Amino acid sequence: MSLPDTLSSRLRLPVMGSPLFIISNPDLVLAQCKAGIVGSFPSLNARPLSQLDEWLHRITEELAAWDRDHPDQPAAPFAVNQIVHRSNDRLEKDLELCEKYKVPMVITSLGAREEVNQAVHGWGGMVMHDVINDRFGRKAIEKGADGLIAVAAGAGGHAGTQSPFALIQELRQWFDGPLALSGSIANGRAVLAAQAMGADLAYIGSMFIATEEANAEQAYKDMIVDSSAADIVYSNLFTGVHGNYLAPSIIKAGMDPANLPESDPSAMNFGSGGNSDKKAWKDIWGCGQGIGAVNAVQGAGDAIARLADEYHTAKQALCR
């Protein structure tokens with residue numbers, strides 16, 4: 001693995017839980033980290049700004065206490081996602097709070113900014129940047145990101161269109177640093193496959209929506225359990241950027257998922273509905289294509305234990 005020892009030594013499974021808008025909260029992050037994977041949340045989930053201070057205080061204190069009580073099984077690090085697009089008027093203040101708590105990992109999305117990377121490095125943090133193609137990957141590394149998150153076709157939320165095979169092999173031709181893969185990963189065999197392709201980590205989001213800790217409506221969790229890849233729709237209507245959404249939630253909102261208009265990308269708005277009067281994430285539920293492997297709502301720790309069992313079983317099978 002091309003991960004720093006400070007990260008890899010604390011992982012019991014090569015997995016990052018992706019930051020889920022509205023969904024990820026301290027309960028989910030703490031459960032993920034204690035179970036041995038990187039837990040994360042978007043800073044904008046904490047509203048108002050003062051709540052971000054409270055969340056970071058709770059997470060850092062509880063993980064420190066866990067490490068004291070479990071010296072042989074320390075918690076994995078946590079990460080905070082920062083939207084670095086110019087429309088995010090909270091970025092500077094959010095970064096100040098991340099510096100206050102020395103957040104170990106920052107995930108940057110929707111633009112790569114050198115000054116943000118420098119700020120994170122200033123307190124000793126690591127930056128992983130979301131990319132959907134090789135060109136964006138090169139830009140991110142040129143601007144000082146430490147690692148990349150390859151968001152391939154089938155990922156939940158703002159996903160790319162490239163096959164994970166194509167995306168990973170192009171990035172690995174020139175980049176030997178930390179690399180995570182996002183896109184339809186929801187069982188242990190897929191985690192191992194991500195590593196076989198050249199990724200260090202599997203980046204998993206949608207399956208964690210259907211967990212007890214997640215801040216999601218029960219109907220949302222149940223819809224994930226009841227749905228499969230065939231129920232995912234790729235559209236830019238709701239935010240101005242293409243993303244994957246659950247078709248049943250689009251139908252519930254009174255629209256035909258098979259006949260959605262294109263949105264004007266200049267109408268990009270991540271808190272509203274883009275060119276739609278229905279709000280992405282609140283009314284229209286994001287999800288990736290891997291949910292066919294999610295068969296029940298369960299605790300995040302139990303979900304990670306299942307992943308680990310499947311991962312080690314698959315690994316043993318390959319070694320026979």
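## A predicted model: backbone, sheet and core

Leu-110 is partly exposed, at a relative accessible area of 28%. Here, buried means under 20% relative accessible area, exposed means over 50%, and partly exposed lies in between (1.4 Å probe, protein chains only). The structure is a predicted model, in which local features need pLDDT of at least 70 and side-chain atom pairs count only at pLDDT 80 or more, while totals for chains, interfaces and linings use all residues. Residues are numbered from 1 along each chain as its sequence is written, and side-chain values use heavy atoms, with hydrogens and water left out.

Leu-110 sits in the loop between strand S4 and helix H5 (114–122). Helices (H or I, at least four residues) and strands (E, at least two) are DSSP runs, numbered from the N terminus. The phi of Leu-110 is positive, at about 60°, although this residue is not a glycine. Lys-102 is another residue other than glycine with a positive phi, near 50°. Its loop connects helix H4 (91–100) with strand S4 (105–109). A further backbone feature is the cis peptide bond between Arg-47 and Pro-48, with omega at about 5°. Pro-48 belongs to the loop between strand S2 (39–42) and helix H3 (49–69). For context, most residues other than glycine have a negative phi, and most peptide bonds are trans.

The protein contains 12 helices and 10 strands. Its radius of gyration is 18 Å, close to the 20 Å that the globule rule gives for 320 residues, so the protein is as compact as a globular protein of that length. This radius is taken over C-alpha atoms, and the rule is 2.2 Å times the number of residues to the power 0.38. Along the principal axes, the C-alpha atoms fill a box of roughly 55 × 50 × 40 Å. Of the 320 residues, 53% count as buried. Contacts (heavy atoms within 4.5 Å) often link distant parts of the chain: among those with a separation of 6 or more, 65% join residues 24 or more positions apart.

Confidence is given by pLDDT, the predictor's score for each residue from 0 to 100. The mean pLDDT of the protein is 93, and 94% of residues reach 70 or more. Residues 270–276 stay under 50; for this stretch the model has 29 contacts beyond four places in sequence.

Strand S7 (residues 179–182) pairs with two strands, where pairing needs at least two DSSP bridges. Four bridges join S7 to strand S6 (residues 147–151), and the two run parallel. Ile-149 stands opposite Ala-180 in this pair. Three bridges join S7 to strand S8 (residues 201–204), again in parallel. There, Ser-182 stands opposite Tyr-203. The path from S7 to S8 passes through helix H8 (residues 188–197), in a right-handed β-α-β crossover. S6, helix H7 (residues 164–172) and S7 also make a right-handed β-α-β unit. Right-handed means that, with the strands pointing away from the viewer, the path from the first strand over the helix to the second runs clockwise. Within S7, Leu-179 and Leu-181 point one way, Ala-180 and Ser-182 point the other way, and all are buried. In a regular strand the side chains alternate between the two faces of the sheet.

Tyr-203, in strand S8, counts as buried because its relative accessibility is 6%. Beyond four places in sequence, Tyr-203 touches eleven residues' worth of neighbours listed by the model, including Met-16, Ile-107, Asp-130, Ile-149, Ala-180 and Ser-182. Ala-186 is 17 residues from Tyr-203 in sequence, and their C-alpha atoms are 9.5 Å apart.The largest nonpolar core has 76 residues. Such a core is a set of buried Ala, Val, Leu, Ile, Met, Phe, Trp, Tyr and Cys residues joined through side-chain atoms within 4.5 Å. Leu-56, Phe-78, Ile-204, Phe-208, Ile-224 and Leu-246 have the most contacts inside it. Helix H12 (residues 300–319) gives the largest share of this core, seven residues. Phe-78 touches Val-29, Leu-56, Ile-59, Leu-63 and Met-105, among others more than four places away in sequence. A second, separate core has 18 residues, including Leu-7, Val-38, Ala-76 and Ala-155. In soluble globular proteins, nonpolar side chains tend to be buried together.

Asp-283 lies in the loop between helix H11 (247–252) and H12. Asp-283 counts as partly exposed because its relative accessibility is 27%. Its C-alpha atom is separated by 25 Å from that of Ile-132, 151 residues away along the chain.
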